[in-house]
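The following exercises ask for a reading of strand order, burial and helix packing. Each task is followed by a solution in steps.

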Amino acid sequence: MNRHALLHIPESRYCFPVDKENAVIRFRASKEDSGLEFSIIYGMKYDFHFTRTCKKLEIKYSDSLYNYYEIRLKLDDVRLVYIFKIQEDGKTYYFSEDGVTEDYNFVESFYNCFQLPYINDNDVMPTVEWMRNAVFYQIFVDRFKMGDENKDKSYINMKWGDLPTPKSHAGGDLRGIIEKLDYIDGLGISGIYLTPIFESTSNHKYDIKNYKKIDKEFGSTEDLKELVKKAHDKGIRVILDAVFNHCSFLMEQFQDVVRNGKDSKYFDWFLIHGDKVDQENCNYECFASCNYMPKLNTANKEVQDFLIDVATYWIDEADIDGWRLDVADEVSHEFWRRFRREVKAKKNDAVIIGENWHDAYPSLMGDQQDSIMNYAFTKTCLDYFAKGRFQAKETAEKLNNILMRNMEQVNYMMLNLLDSHDTHRFFTETSCSKEKLVAAFALAVFFPGATCMYYGTEIATEGGYDPDSRRCFDWNEKNWDMDLMDSIKNLIHLKRTEILLGYGDVSISSKNDLLIIKRTYMEHSINLVINMSKECIEIDDAGQIIAGNVTEGKLSPMGYCIYKG
């Protein structure tokens, strides 16, 4: 037995309630110890020394090093205590807060058992239910569609369709999105995620001057309200981009500091090293190394008040459905706790999605964000579909590892994406393989959580790194591959309508170089099998085939198959 690999942490991602009566318990062990038998011994806190139940644990997930055992306990009494039993070669061991021991004194268990002492209603992380089967369409506003032909176009400095530069403006706006809502609805989309739309001098608007004013290049508050209302009429939700880590150098409050230095009432809104601002030498903290984006001091209560007012204002004013949080990992945790309370008080099913490219568990414990943009999933897809670094086995292990980072509720709200405005286009990364693109999108549909598609994916838009990933949408339908679009639409429809993909349990494995994802719910199952090898591979026990590249029971190279049963 590899004792160093054994791990359990109470009241964490290894032990959490999913509702008032049910708790999930996880236990980690080395893959080398697959032959050992693990059980949980549990009971009510105040009579555990007399009355106990023992249940065998089963392996639920496996990554490259560990097996993760998981059990869901339905509790008659929510004052839960427990330990683990390990059986190896006919010998019994116990695992408690004291680690591994050869015996266990149940009479004195109150000293060293694990516990979930009480399930309080407000300690259960709720799931934003509509996220389970959601499919988002991310739009970089300047490049999607220009709808207002009468606006001042003097700022536009590129022809629609030209390759973008860091400072080029193409003219896309909110009215263009309104005009194309029927198109977006026709794809089957249930959520729109807009990159920033507030007043700014850049094309991307991540340097905001005024958080309560829609940038005139994009339209007006009335345009946003119309967009949200018409989207809601079609059953489509709209979330905006909250840039609360930093602002524009030109924001009124920062300019007051530029003029007045330490005498400015806004001096402590920022993190300035010295008595006045020195832009040339950048003696203030900023986003990355961009001196035109000074960092906001989100530990300052006045800054918190200001930003929370912005967040709730747009819910009140335009009825938006949530926020994507730019650079969320560099913002004060205390601020995000306040932010969550006040946003959820305004709209309890508003979703809060952080931008965090790493393991974000400290922010996903129920008191801050609902989920994050799942760039760990993105990276795994790149390694498997595009780069050839992973085979099916390594991909299954990595996907399981990602699921073990968070509680079940968080996994069902993650924003699973192949690419975004901050990455290379996934299609380009696959050397423009439409087969790989569709197979990867199928995985994004099957993986627990919401699916996010970057605008233009459905027409195979190409692009390298920023700004090349932010090309204009090609509205010339003669250039569209309708077979590709139909494949994407069918997968979106499946995600939206199949309850198994929103609520189903998940199993991820590999066999014969096939990646296998199985979703199970109420004794029904739906399966995705992916073949990234160069050979046709026979599929075992394929039931009712819904979609894919299967001929005479064999899955084509670079293909996928979806079947029920």
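**Exercise 1. The three-stranded sheet**

Strand E24 and strand E27 (residues 554-555) run antiparallel and are joined by two bridges. The model is a predicted one.

Task: Determine which residue of E27 is the bridge partner of Glu538, and which strands are the edge strands of this sheet.

Solution.
1. Glu538 has Lys554 as its bridge partner in E27.
2. The open sheet has three strands in the order E24-E27-E26, with antiparallel pairing.
3. The edge strands are E24 (537-538) and E26 (550-551), each of which pairs on one side only.

**Exercise 2. The eight-stranded sheet**

Task: State the strand order of the open sheet of eight strands, and explain why one side of E18 and of E19 is left without a neighbour in the sheet.

Solution.
1. The order is E18-E17-E16-E15-E12-E11-E20-E19, and the pairing is parallel.
2. Strand E18 (371-372) and strand E19 (415-417) stand at the edges with a single partner strand each, so one side of each has no neighbour in the sheet.

**Exercise 3. Strand E15 and its partners**

Task: Identify the bridge partners that link E15 to E12 and to E16, and explain why E15 is described as largely enclosed.

Solution.
1. Strand E12 (residues 191-194) pairs with E15 in the parallel sense over three bridges. Here Gly191 has Arg237 of E15 as its bridge partner.
2. E15 (residues 237-242) also pairs with E16 (residues 322-325), again in the parallel sense and over three bridges.
3. Leu240 has Trp323 of E16 as its bridge partner, and Asp241 stands opposite Arg324 of E16.
4. Of the six residues of E15, five are buried, so the strand is largely enclosed by the rest of the structure.

**Exercise 4. Ser371 in its surroundings**

Task: Is Ser371 buried or exposed, and which backbone oxygen does its side chain reach?

Solution.
1. Ser371 lies in strand E18.
2. Its relative accessible area is 0%. Because buried means under 20%, Ser371 is buried.
3. The side chain of Ser371 reaches the backbone oxygen of Met413 at 2.7 Å.
4. Apart from neighbours within four places in sequence, Ser371 is in contact with Ile352, Ile353, Gly354, Leu364, Val410, Met413, Met414 and Leu415.

**Exercise 5. Val228 in helix H3**

Task: Which residues does Val228 touch, not counting residues up to four places away in sequence, and how many Å separate Val228 from Arg389 in space?

Solution.
1. Val228 belongs to helix H3 (residues 221-233) and counts as buried at 1% relative accessibility.
2. With residues up to four places away in sequence not counted, Val228 touches Val238, Ala318, Asp319 and Ile320.
3. From C-alpha to C-alpha, Val228 and Arg389 are 42 Å apart, and they are 161 residues apart in sequence.

**Exercise 6. Packing of H7 and H11**

Task: Describe how H7 packs with H11, and classify the residues in contact.

Solution.
1. Two packed helices are described by the angle between their axes and the distance between those axes.
2. For H7 (residues 375-386) and H11 (residues 434-446), the angle is about 145° and the axes are 11 Å apart.
3. The crossing of H7 with H11 is right-handed.
4. H7 contributes Phe377, Cys381 and Phe385 to the contact, and H11 contributes Lys436, Ala439, Ala440, Leu443 and Ala444.
5. By class, the contact of H7 with H11 has seven nonpolar, no polar and one charged residues.

Terms used: Residues numbered from 1 in each chain as written. Predicted model: local features only at pLDDT ≥ 70, side-chain atom pairs only at ≥ 80, totals over all residues. Heavy atoms only, no water. Pairing = 2+ DSSP bridges. Helix = DSSP H or I, 4+ residues; strand = E, 2+ residues; numbered from the N terminus. Buried < 20%, exposed > 50% of the residue type's maximum accessible area, 1.4 Å probe, protein only. Polar contact = N/O pair within 3.5 Å; in protein donor to acceptor, adjacent residues only side chain to side chain. Contact = heavy atoms within 4.5 Å. Axes fitted to C-alpha atoms, helices over the stretch in contact; angles between N-to-C directions. Left-handed = near helix turned anticlockwise from the far one by under 90°. Nonpolar A, V, L, I, M, F, W, Y, C, P; charged D, E, K, R; others polar.
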